[in-house]
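This report describes selected features of a two-chain protein model for a reader who has the sequence and coordinates at hand.

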Amino acid sequence: MARLTINGKTTEVNVNPSTPLLWAIREQVGLTGTKYGCGVAQCGACTVHIDGKAVRSCIMPVAAAEGKQITTIEGLASGGTLHKVQQAWVDNEVPQCGYCQAGMIMAVAALLKDKPKPTDADIDGTITNICRCGTFQQVREAIHAAAKA
Amino acid sequence: MITTPKINRRAFIVGSAAAGAGLALGLKIPFGATVVRAADGSPEINAWVVIRPDDTVVIRVARSEMGQGTITGLAQMVAEELECDWSKVTTEYPTPGQSVARKRVWGDFSTGGSRGIRTSQEYVRQGGAVAREMLIQAAANGWSVPASECSAASSVITHKPSGRTTTYGKVAEAAAKLTPPDPKSIALKDPKDWKIIGKSVKRLDTVGKVTGAQVYGAD
């Protein structure tokens, strides 16, 4: 058993404490916006925020997330208003298949909190998420657009 | 060495899809007085088109959206013939279970080989055209005028001689009770008259993909 606080709601999940947080989020809590990609923290599809920092949830044990504020893609918008990163993604039509984009957006939202006006070098250094459709140029444009918003 | 059997499989699937699609439209789209309803209770004009009282048009096509904009492109094709207001269009995927229960009314579900648009374009346009004719007929019945005196544009039906107008949302319930005309009896629009097909529009699937709402196979 573990108590997780996800998007402001505390839930008890009945899993082994070493279970990756990703599976608790997807399968126990039922928030499927966070995706499984590689399972070895390389692709970033599973990125969530833990106390505001971008974390790849596929390798983080549930036990390490207890007592912390977890935010998933479903909790990024406030009410009916999209987060500025989500809005920039819509305005720039970033997603193709979209599978990696929840993780991409969570990583970018955390980056903009640390660096409100990131340079291309900051983006290259921080946003290492992989997109198989190859939307990297659109991602970069949308990050700059979100930074200006 | 791997690609050869794949191409063969695709050729087979698409071949069977083409055969199936022709049949699909002739199949029984429910008609008569029984109104088929979407999950939210809105009347279904036919398998492709559900219209809510607020004029929202829900277009249902069976090709998967895998990132190339297929769902938006096919919705544009239905909307073109439907003569609906594009800003009120949303899309829905029928489930394979619904498809089987309704004798594969949406045609083939397989998606691949850059064929989503090419092999569906004719029957989805016919689906939109049939729905448009039913909506016009319902409005004409309400006014007790011949349907030939009425026309539709941007979800508004106009009776030309009297200038009366109504909207798709208002006549959807009555249209859903009509017997659909034979799709072959309706001429599809000349491409030079297209207003929605071929235009670069915002994709309809973007918001779901940035909020986590889009459901994938693994979900």
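Among the contacts in chain B between residues at least 6 apart in sequence, 64% join residues at least 24 apart. This figure, like every other below, comes from a predicted model. Chain B holds six helices and seven strands, and when it is read along the sequence these elements follow the pattern α-β-β-β-α-β-α-α-β-β-β-α-α. Of its 219 residues, 47% count as buried, while chain B exposes about 10700 Å², of which carbon and sulfur atoms supply 58%.

**A loop in chain B**

The loop between helix 1 (3–26) and strand 1 (44–46) of chain B contains D40(B), and S42(B) has its place in the loop between helix 1 and strand 1 of chain B as well. D40(B) is partly exposed because its relative accessible area is 46%, a value that lies between the limits of 20% for buried and 50% for exposed. S42(B), with a relative accessible area of 5%, is buried. When residues up to four places away in sequence are not counted, S42(B) touches V36(B), R37(B), V50(B), I51(B), R52(B) and P53(B). As for D40(B), its C-alpha atom is 21 Å from that of V78(B), a residue 38 places away in sequence.

**Strand pairing in chain A**

Strand 1 (residues 2–6) of chain A is mostly covered, since four of its five residues are buried. Strand 1 of chain A runs antiparallel to strand 2 (residues 9–13) of chain A, to which it is joined by five bridges, and in this pairing R3(A) stands opposite E12(A). The two strands form a hairpin with two residues between them, and N7(A) in the turn has a positive phi of about 50°. Strand 1 of chain A also pairs in the parallel sense with strand 5 (residues 69–71) of chain A, over two bridges; here the bridge partner of T5(A) is Q69(A).

A second hairpin, again with two residues between its strands, is formed by strand 3 and strand 4 of chain A, and D51(A) in its turn has a positive phi of about 45°. Strand 3 spans residues 47–50 and strand 4 spans residues 53–56 of chain A, and the pair is antiparallel over four bridges. Within this pairing, H49(A) has A54(A) as its bridge partner in strand 4 of chain A.

The pairings are set side by side here.

| Strands of chain A | Sense | Bridges | Bridge partners |
|---|---|---|---|
| Strand 1 and strand 2 | antiparallel | five bridges | R3(A) and E12(A) |
| Strand 1 and strand 5 | parallel | two bridges | T5(A) and Q69(A) |
| Strand 3 and strand 4 | antiparallel | four bridges | H49(A) and A54(A) |

**Two loop residues of chain A**

T19(A) is placed in the loop between strand 2 and helix 1 of chain A. At 17% relative accessibility, T19(A) counts as buried, because the cut-off for that class is under 20%. Leaving aside its neighbours within four places in sequence, T19(A) is in contact with M60(A), P61(A) and V62(A).

Q42(A) lies in the loop between helix 1 (21–28) and strand 3 of chain A, and its relative accessible area of 52% makes it exposed. Q42(A) nevertheless touches R56(A), T128(A) and I130(A), not counting residues up to four places away in sequence. The C-alpha atom of Q42(A) is separated by 24 Å from that of V15(A), which is 27 residues away along the chain.

**Helix 3 of chain A and its packing**

Which residues of helix 3 (residues 84–91) of chain A are buried? They are V85(A), Q86(A), A88(A), W89(A) and V90(A). These buried residues pack against helix 4 (101–114) and helix 6 (136–148) of chain A, together with helix 6 (206–211) of chain B. Just after helix 3 of chain A, E93(A) takes a positive phi of about 45°.

**The largest pocket**

The largest pocket encloses about 270 Å³ of space. Its lining consists of A62(B), S64(B), E65(B), M66(B), Y93(B), P94(B), F109(B), K209(B), Q214(B), V215(B), Y216(B) and G217(B). By residue class, the lining divides into seven nonpolar, three polar and two charged residues.

Conventions:
Residues are numbered from 1 along each chain as its sequence is written. Chains are lettered from A and ligands numbered from 1 in the order in which they are written. This is a predicted model: local features need pLDDT of at least 70, side-chain atom pairs count only at pLDDT 80 or more; totals for chains, interfaces and linings use all residues. Side-chain values use heavy atoms; hydrogens and water are left out. On a 1 Å grid over the protein atoms alone, a cavity is a set of points where a 1.4 Å probe fits but cannot get out, and a pocket is an open set with protein on both sides within 12 Å along at least five of seven lines; lining residues have an atom within 4 Å of a point. Grid points are joined across faces, edges and corners, and a volume is the space filled by probe spheres set on the points. Ala, Val, Leu, Ile, Met, Phe, Trp, Tyr, Cys and Pro count as nonpolar, Asp, Glu, Lys and Arg as charged, and the others, Gly among them, as polar. Buried means under 20% relative accessible area, exposed over 50%, partly exposed in between (1.4 Å probe, protein chains only). Contact means heavy atoms within 4.5 Å. Accessible areas come from the Shrake-Rupley method with a 1.4 Å probe; for residues, only the protein chains shown count as cover. Two strands pair if DSSP finds at least two bridges between them.
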